[in-house]
Every structure is written in structure tokens, then in C-alpha cells.
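Please open the model in your viewer and keep the sequence panel beside it, since each stop on this tour begins with a selection.

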Amino acid sequence: MLTLQEKLTAAENRISKIHTSTDHEISKLKEEVKLLKTENEFLKNNSAQVRADIDHLNENLTDLSNTLTDVKIEVRYLSITLFDINTNLRETAEILQHHNNSMKNINSDIANNDRKQSASLLELGKQHVRFIDDIRNTTRTLKTDIDQFQTDQWRLSASVSSLELFRNNQTKCDQNQEVAFTASVTSANSTWNRGTLIFDVVITNVGNGYNPSTGVFTSPISGTYVFYVTAVEYGGHFLVIDIVLNSVSKVRAYCTNSASYQTGTNMVVLELQKGDSVWVRYDGGTGFYSQSIPLTTFSGYLIS
């Protein structure tokens, strides 16, 4: 019994301790509940603010969505524009490439034309030089011809004067004293190079002083005579001939070879005794030229 009472006392003590502990726990829990209510009230107040912030954020999100939609539209428009720009760039690149190819072709054509023009200019320069040389040669030939013409003109003037004197003296001379001749060759000879030039075709032979077989004139009477020779060289070969009195050269005719078929002439007035001989003798060159109407002739006549 005592033991049971002790156990009961111990159980009551234990229950008392449990009550004390439970009260303490309950008090603590009440405080915690109160704290939780306070926090809950704070959270409710906070929740309203958060909800307001969320609503504001939703509004901002809506605005952002609208802005994003506009941006997407702009991006789509810019994409289309960029595509067009890329297309235009490709077309521009193709055009530029075409222009570059055209420029290359043009530059190539210009280079070819420059080469051709340079070659043409060089050829024209050579032709110009040749032309100038031809002009100079022609000028020299013409100068030679002019000099020869002036000489022939002077000799012809002298011959005309002599003929005039001869005509004036004709009236004073007896018919038996008339002496005059002209002889010629009527064909060319490319090889003649020595001796007497025989004028075998007689045109005039008053007084019969000229011998066409020998080419020698023999004065039938004493007096003053005029002799005149004209010769044409053969095809660019010069020719030199003399009028000879009794084997002595008196004057010389020269046919230059500066061009083909050049003429040489000369005239002389001689005092002859009866029986003196005059002829034309070779001195240099090769051949002579004439035609059916004579070009190479030998003439003489008595003037007093």
C-alpha cells in the first residue's frame, strides 16, 4: 500500500510537472500563434501591395507585349527591306561586275588601239621619211634639170643669135658660099663607148660638107662656123661627148645620170680653113638614146 501510495505520489508529481510543462508549452504556442497572426496580418497587407505590383507588372507586360508586337512588325518590315536591299546589292554587284568586265574589254580595246595606232604612227613616220627623201631626190633632180634647162636655154639663145646673124649674113653671101647641115641618129644604142658618134640620118646638108658615113664635117670653104650637138643618155648611164676640130676637143657636152634619159648640149663657134674637119667624139659613159623623131643630133652652119 505504501508502495502504491509512493507510486501515486510520484505519478501526481509527474502529472503536475506535465501540467506545468504543458501550460508553459501552451503559453508559448499562444505567443507563437499571436506572432503568426501578426505576421499573417502583415502578409495580408503585403499581399495587397504585391497584388497591386503584380497588376502594375501585368500592365507593363501588356505594354511590353504590344511593344514587342510592334517590334516584331518592324523587324519583319526591316527583314523585307533588308531582303530587298540584299537583292538590290546582288543586282548592283552584277551590274558592277558587268561594268568591270566592260571596262576590262574597253581597256583591252584601248591598249590594242594604242598598239595599232603606235604601229600606224611608226609606219607613217617611216613613210614620211621616205616621202621627204623622195622629195629631196626629186628636188635635186629638178634642180639638175632646171640647171640643165637654163644651160640649154642659154645655148639655144646663143644659137638663135647665131642663126639671126647667119640669116643677116645670108643676104651678103654668095649662093655658092652657103654651108649648113643637121644630122641625127634615129635609134638608141646602149653599148656605144668609143670613137666617133656617127649621125647617119641627114636632115639638111647644104654645101655637102657633112659625110653621114663617117660622121665628119669637112669645111668646103674657109669661114666662121657654128656647131651644135644634142645628146640623150641611155636609161641612167651618163654620157660625155666632145665637138672636135682636127682631133682637138673644143667643147664638151655632159649627160648626167641623176635620172634616166638626161640631155646634154653644147655649142661652139669656130674659125675654119677650107678642108678642116669637125666631128663628135666619145669621151665617157655608155650608149645614147634617140627615137624616130630624132633626139640626138649634130648641126653646123657657116655664118661668115
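The stops below go from the whole chain to surface patches and then to salt bridges.

Before selecting anything, note that this is a predicted model, in which local features need pLDDT of at least 70 and side-chain atom pairs count only at pLDDT 80 or more, while totals for chains, interfaces and linings use all residues. Residues are numbered from 1 along each chain as its sequence is written, and side-chain values use heavy atoms, with hydrogens and water left out.

**Whole chain.** Colour the protein by secondary structure, and one helix and ten strands appear, where helices (H or I, at least four residues) and strands (E, at least two) are DSSP runs numbered from the N terminus. The helix comes at the N-terminal end of the order, which runs α-β-β-β-β-β-β-β-β-β-β. Of the 304 residues, 23% are buried, buried meaning under 20% relative accessible area, exposed over 50% and partly exposed in between (1.4 Å probe, protein chains only). The protein exposes about 20,800 Å², of which carbon and sulfur atoms supply 57%; such areas come from the Shrake-Rupley method with a 1.4 Å probe, and for residues only the protein chains shown count as cover.

**Nonpolar patch.** Select L82, I85 and L89, which form a nonpolar surface patch with about 280 Å² of accessible area together. Patches are made of residues with over 30% relative accessible area and no salt bridge, nonpolar side chains (Val, Leu, Ile, Met, Phe, Trp, Tyr) being joined within 5 Å and like charges within 9 Å. L82 lies in helix α1 (residues 2–170) and counts as partly exposed because its relative accessibility is 47%.

**Salt bridges.** A salt bridge here is a side-chain nitrogen of Lys or Arg within 4 Å of a carboxyl oxygen of Asp or Glu, and the count comes to three. Select R130 and E123, which form one with their closest N and O atoms 3.3 Å apart; R130 is partly exposed at 43% relative accessible area, and E123 is partly exposed at 35%.

Next, select D242 and R252, whose salt bridge has its closest N and O atoms 2.7 Å apart. This pair links distant parts of the chain, with D242 in strand β6 (residues 239–245) and R252 in strand β7 (residues 248–255), ten residues apart. D242 is buried, at 2% relative accessibility, whereas R252 is partly exposed at 43%.

Finally, add D283, whose side chain meets that of R252 in a salt bridge (3.2 Å, N to O). Because D283 lies in strand β9 (residues 277–285) and R252 in strand β7, the pair ties together parts 31 residues apart in sequence. Salt bridges that share partners join D242, R252 and D283 into one network.
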